[in-house]
Amino acid sequence: MAPADPAARAVELRSLLRHHDYRYYVLDDPEASDAQYDALKRELVALEEAHPELITPDSPTQRVGAPPAVQFAAVSHRERMFSLDNAMAAEELDAWVARVERALGRPAAGFACEPKIDGLAVSLTYERGRLVVGATRGDGAVGEDITANLRTIGAIPLALLGDDLPEVMEVRGEVYMPLAAFEELNRAQAEAGERLFVNPRNAAAGAVRQKDPAITATRRLSIWVYQIGFQRGGPAFAGHGESLAWLRSAGFPVNPTSRHCNDPTAVRDYVQRAEAARHDFPYQTDGVVVKVDSLAEQRELGFTARSPRWAVAYKFPPEEETTRLLAIAVNVGRTGAVTPYAVLEPVFVGGATITNATLHNQDEVARKDLRVGDTVIIRRAGEVIPEVVGPVPSLRTGAEKVWQMPEECPFCGSPIVRRPGEAVARCTGGFACPSRLREYLAHFAGRGGMDIEGLGYKTIDMLLREGLIADPADLFSLGKDDLISRERWGEVSVGNLLAAIDGARDRPLARVLTALGIPLVGGTVARVLARRFRRLDAVLAASEEELSAIDGIGPEIAGSLRAWAEDPDNRRLVAKLEAAGVRLADPEEEGVDRSRLAGVTLVITGTLAGFSREQARVAVEDRGGKVAGSVSKKTTAVVVGESPGSKAQKAQELGVPLLDEAAFVRLLAEGPAALPAG
Ligand code: 9MJ
């Protein structure tokens, strides 16, 4: 239903979304579910589509949308962005504390300690609470304008919270890629045969310097803010910790493990605890930044030519060990991709014992010249990503063996093939491969897909072990008797699982499309496809040209969809899902006559108040009509909204009737009888 006062509702929605962003990104304590948040966002998108005049640059809907940059403009920092001196060992940290004390002529009143984030330093300038410029550090004096990219990072507020907002404030922080996002990105890079990122820092730096903000938006970056640079107006601060508390209240993510330390003993204690806990963080830290807390003392201490005297970066010791590469084995993933991994003599590095490490793909093994039996260097770049840096060739005995991709899948015996031009080798066993099926099921039933609660790896393994399913569609024919006698499965758990599976029969089409695991078709692309086609059979029948013409679908995605749709295994799966009663389509509008607009071809120009372009197209197509991109003699009528383009004029020249929005609505309701006579 349209709100009585769209402008007021837009303001309200933005304020609600900002509040939920604050709960999520700053407090790490969300109040709304993802679905509730999405519903608010969708309502705002629809409202802004209907009333484009209400869009503001700081609206949460306006994060992506800037066209790709050709070159980044230069930005002069109002205050130099200094880098920090390093302390490579505990003694160097003590020496820094002593220098501070000597320079002040007394011990510092207190210190602020923060985890050192290994990301990319950025500067964010806010004018009267609105983000106006985001820039890289560059050489400290001049950086690059990456505003459009930084706006796509959800954790960076576009508008600040609170009343006493400064006229101008420049804040600094570290943009980083969470470890989970980094691993996912490299997995996708490996599968696509693209170059792998060496560490989360490089991945974040690459994402932030993308020419196309739409790519940055897909990279799941975040930020910790840790310093105020230039400030005019707003609150005055006596200490660094105080300024961080204010930044947090204004909506910036400030690292919650930052602490005030009264004296050097407390600093050493913080450093020790941070080092012990470094792998418990979901992002990469490479040390601790210690700052003199009092801003008056900071001014007294001042700067050297390179860096502030009031701060130091203590670096954790590197975490590398050597061990033996016992074997190279392979996994088969949900798309059939065969991924080699290192089987290692267990080695303790970075706080954990490592026995395996992914080698990503065949080319990576060759590029690193890894041979079975080699002594290899293992680096733990973060919590969960042990990496094989490379061999130590000087320790070779000559007995090491060059590895080759197996010709047959170790799980199902089917041939492994690598198509020309692809980096990935694949098992050709389809669902007959137990490894592939297991991974496919986990994805199919997972949160982004059919979201079948209780169907994790443990249950999947049981179903496979007992021979109860041979493909994902078999899930839907499981009965109580199949499960009830199994170990640890009683009335209640069986009832819950079967109810969850039954509930998955009418998931929205976007979820079904995601669940099918079509390469390159993730949640966003799936939503675009669902909105456009409404039915799975229509998606799978669309030609490459038709698909590539859709906003947000490039030729690669179109090609991947076509290839998937033509694979007989996939066709069988879709047919079987349909037979099992899975809906495979979004519900039709109530009471719509599917042939009401049969034979009618419309062209739409200008902005409609009650429909987005996509909604208008869907409304016409649901009724059996067509929407074309250009006017010809075959056009039935041209629908004219606000600020129409040249198509309205072309229609008049050709004698094609024009419809305003009210007439369009009548046409949808009544069919061609509502068209003007003639
Ligand atoms: C990082 N990288 O985490 C600073 N930093 O302060 C923290 N960097 C910094 N502070 C002044 N937490 C210059 C750089």
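## The shell around the ligand

β3 gives the most to the shell around the ligand, with 4 residues, in a predicted model where local features need pLDDT of at least 70, side-chain atom pairs count only at pLDDT 80 or more, and totals for chains, interfaces and linings use all residues. Residues are numbered from 1 along each chain as its sequence is written, and side-chain values use heavy atoms, with hydrogens and water left out.

The residues around the ligand, each with a heavy atom within 4 Å of it, are Phe82, Leu84, Glu114, Pro115, Lys116, Ile117, Glu174, Tyr226, Gln227, Val289 and Lys291. By class, this shell has 6 nonpolar, 1 polar and 4 charged residues, where Ala, Val, Leu, Ile, Met, Phe, Trp, Tyr, Cys and Pro count as nonpolar, Asp, Glu, Lys and Arg as charged, and the others, Gly among them, as polar.

## Contacts and cover

In the side chain of glutamate 114, an N or O atom lies 2.7 Å from a nitrogen atom of the ligand, while for lysine 291 the corresponding distance from a side-chain N or O atom to a ligand nitrogen is 2.9 Å. For the side chain of tyrosine 226, an N or O atom is 3.5 Å from a nitrogen atom of the ligand. On its own the ligand has 340 Å² of accessible area, of which the protein covers 89%, with areas taken from the Shrake-Rupley method with a 1.4 Å probe.

## The pocket that holds the ligand

The ligand sits in the second largest pocket, in the sense that more than half of its atoms lie within 2 Å of the pocket's grid points. The elements that give two or more residues to the shell around the ligand are β3 (111-117), β8 (222-232) and β10 (285-292), strands being DSSP runs of E with at least two residues, and helices runs of H or I with at least four.

A pocket is an open set of points on a 1 Å grid over the protein atoms alone, with protein on both sides within 12 Å along at least five of seven lines, and its lining residues have an atom within 4 Å of a point. The second largest pocket has a volume of about 1100 Å³, counted as the space filled by probe spheres set on the points. Its lining comprises 44 residues, of which Arg172, Gln227, Ile228, Lys291 and Trp310 lie nearest its centre. β8 gives the most to this lining, with 8 residues, and by class the lining has 21 nonpolar, 12 polar and 11 charged residues.

Methods: A polar contact is a pair of N or O atoms within 3.5 Å; within protein, one must be able to donate a hydrogen and the other to accept it, and residues adjacent in sequence count only if both atoms are side-chain atoms. On a 1 Å grid over the protein atoms alone, a cavity is a set of points where a 1.4 Å probe fits but cannot get out, and a pocket is an open set with protein on both sides within 12 Å along at least five of seven lines; lining residues have an atom within 4 Å of a point.
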